[in-house]
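Please look over the sequence and the three-dimensional model shown below, which the report that follows is meant to accompany.

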Amino acid sequence: MCPVAKTPAAPAVLRPHAETAYAAELAALAASDQLPRPTGWLLSPRAVVNYLAGDTLPDGTEISTKYFGDRRLLEVAVASLVTDRALLLVGVPGTAKTWVSEHLAAAISGNSTLLVQGTAGMSEDALRYGWNYARLLSEGPSAAALVPSPVMIGMQTGKLVRLEELTRIPSDVQDALITVLSEKILPIPELNTAVSAVRGFNIIATANDRDKGVNELSSALRRRFNTVVLPLPATLEEEIRIVTDRSSAAAAGMELPPIQKDAAAEIRRLVTIFRELRTGRTEDGRTQLKPPSATLSTAEAISVVNQSRALSHHFGGGELSPEFLVASLSGAVIKDQGQDGPIWREYLEVVVRNRKGWEDLWEVMK
């Protein structure tokens, strides 16, 4: 008998979209949600906030926490999307702007893939539409030759569109959004027509005003957004919780074992170092420090933990020890050797060396 060929397993997706990764939670919320839903929304505004902030449903289903910050910020953001004004999430890098926008789109529209990534070299076509030039040359301007942008698709289908790094986009290209946001139409002069937005359409944009290469928004465009500022975690304990939770969630995707209790002390020390260097003073407020050029955000702390765990798992004994933490930490802090190197060495000499309980960390770092 001839052997039966086995069908190869589908390759695992490295990072599933939010609506896929949390499909069970979204389905459970939809089944239990008895509150009014705006036209085009899959969940009520309160259920959307519960999806991001975490909740326990009447049937016992646990809704995991996606955003650990102030619940009121989420309520303001969701309420903005109910209105006819777009939402602008502002914050320094690493404050979960992209994470929040993705989960808002997943919970409201069931689709977080209508995404425009803002860049310095972006043209208006990415916000409006382009053309299939082969058909354009052979047939002339026609609906069949038109290539819709995510913004146009969102308008036609009544879905949320995500616009990342709005302030990276040149100012003249940014203003292509003004008619879309104010009149809810997208003119197509080549076809002497326009696309009118269907109910449910809106835009969630993200922006930061810290990095280099940032373009200011025009006053006309800024007026068409409701702005919500996402802050860095307010307390040490809150930031430790975020780093621990997000690192644990990422473990399965990176094929790493779950975080053990013995990692808690190292995560606490990492977050403490990040917060002290970021704010320019020690947690007790007694020592002033020079901040490095790196942002040292919560997202970067999560990356350091993940990299340290990967090092330990594949090249060590599996424990998140100071040896592996330091190997990843120095690269996160020192982005410019000439500027950040002296700052990092001063922090080690002044803080780490003299802090009680950090002797093992000093031995590795010195």
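## Helix α2 and its surroundings

In this predicted model, the buried residues of helix α2 pack against four other elements, namely α1 (18-21), α3 (45-53), β2 (62-63) and α5 (97-109). Helix α2 itself covers residues 23-32, and within this stretch Glu25, Leu26, Ala28 and Leu29 are buried. These residues lie on the same side of α2, because they cover an arc of only 165° around the axis. An α-helix has 3.6 residues a turn, so residues three or four places apart point the same way. The face of α2 that is turned away from the buried side carries the exposed residues Ala24 and Ala31.

One residue of the neighbouring helix α1 can be followed further, since Ala18 is found in that helix. With a relative accessibility of 3%, Ala18 counts as buried, because the limit for that class is under 20%. Leaving aside neighbours within four places in sequence, Ala18 is in contact with Ala23, Tyr51, Glu102, His103, Ala106 and Ser112. Of these partners, Ser112 is 94 residues from Ala18 in sequence, yet the two C-alpha atoms are 7.1 Å apart in space.

## Aromatic pairs

How many aromatic pairs does the count come to? The count comes to three, and two of the pairs are described here. The rings of Tyr22 and Tyr51 have their centres 6.3 Å apart and their planes at 85°, so this pair is edge-to-face. Tyr22 belongs to the loop between α1 and α2, whereas Tyr51 belongs to helix α3, so the pair ties together parts that are 29 residues apart in sequence. Tyr22 and Tyr51 are both buried.

Trp344 and Tyr347 form an aromatic pair that is stacked, with 5.9 Å from centre to centre and 10° between the planes. Because Trp344 and Tyr347 are three residues apart in helix α15 (residues 337-352), about one helical turn separates them. Trp344 is buried, and Tyr347 is buried as well.

## Charges over rings

Two arginine side chains can be described by their position relative to a tryptophan ring. Arg246 lies over the face of Trp99, at 3.9 Å from the ring centre, and Arg355 lies over the face of Trp358, at 4.6 Å from the ring centre. Arg246 and Trp99 appear again in the next section, where both are among the residues nearest the centre of the largest pocket.

## The largest pocket

The largest pocket has a volume of about 1200 Å³ and is lined by 47 residues, of which Arg15, Trp99, His103, Arg246 and Ile302 lie nearest its centre. The elements that give two or more residues to this lining are α1, α5, α11 (236-253) and α13 (298-315). Which element gives the largest share of the lining of the largest pocket? That share, eight residues, comes from α11.

Helix α11 also holds Ala250, which counts as partly exposed because its relative accessibility is 25%. Ala250 and Arg15 are 235 residues apart in sequence, while their C-alpha atoms are 9.6 Å apart in space. His103, one of the residues nearest the pocket centre, is also among the contacts of Ala18.

## The enclosed cavity

A search of the whole structure finds one cavity of 30 Å³ or more, and about 40 Å³ of space lies in the largest cavity. The residues that line the largest cavity are Leu277, Leu289, Lys290, Ile343, Glu346 and Tyr347. The largest share of this lining, three residues, comes from α15. Tyr347 therefore has two roles in this description, as a lining residue of the largest cavity and as a partner of Trp344 in the stacked pair.## The chain as a whole

The secondary structure of the protein chain comes to 16 helices and 11 strands. The C-alpha atoms fill a box of roughly 70 × 65 × 50 Å, taken along the principal axes. Of the 366 residues of the protein chain, 45% count as buried. Among contacts in the protein chain between residues at least 6 apart in sequence, 71% join residues that are at least 24 apart.

Note on methods. Residues numbered from 1 in each chain as written. Predicted model: local features only at pLDDT ≥ 70, side-chain atom pairs only at ≥ 80, totals over all residues. Heavy atoms only, no water. Buried < 20%, exposed > 50% of the residue type's maximum accessible area, 1.4 Å probe, protein only. Arc of directions from axis to C-beta. Contact = heavy atoms within 4.5 Å. Phe/Tyr/Trp six-rings, centres within 6.5 Å; stacked < 30°, edge-to-face > 60°. Lys NZ or Arg CZ within 6 Å of the ring centre and 35° of its normal. 1 Å grid on protein atoms, 1.4 Å probe; cavity = no way out; pocket = protein on both sides within 12 Å on 5 of 7 lines; lining within 4 Å. Points joined across faces, edges and corners; volume = space filled by probe spheres on them.
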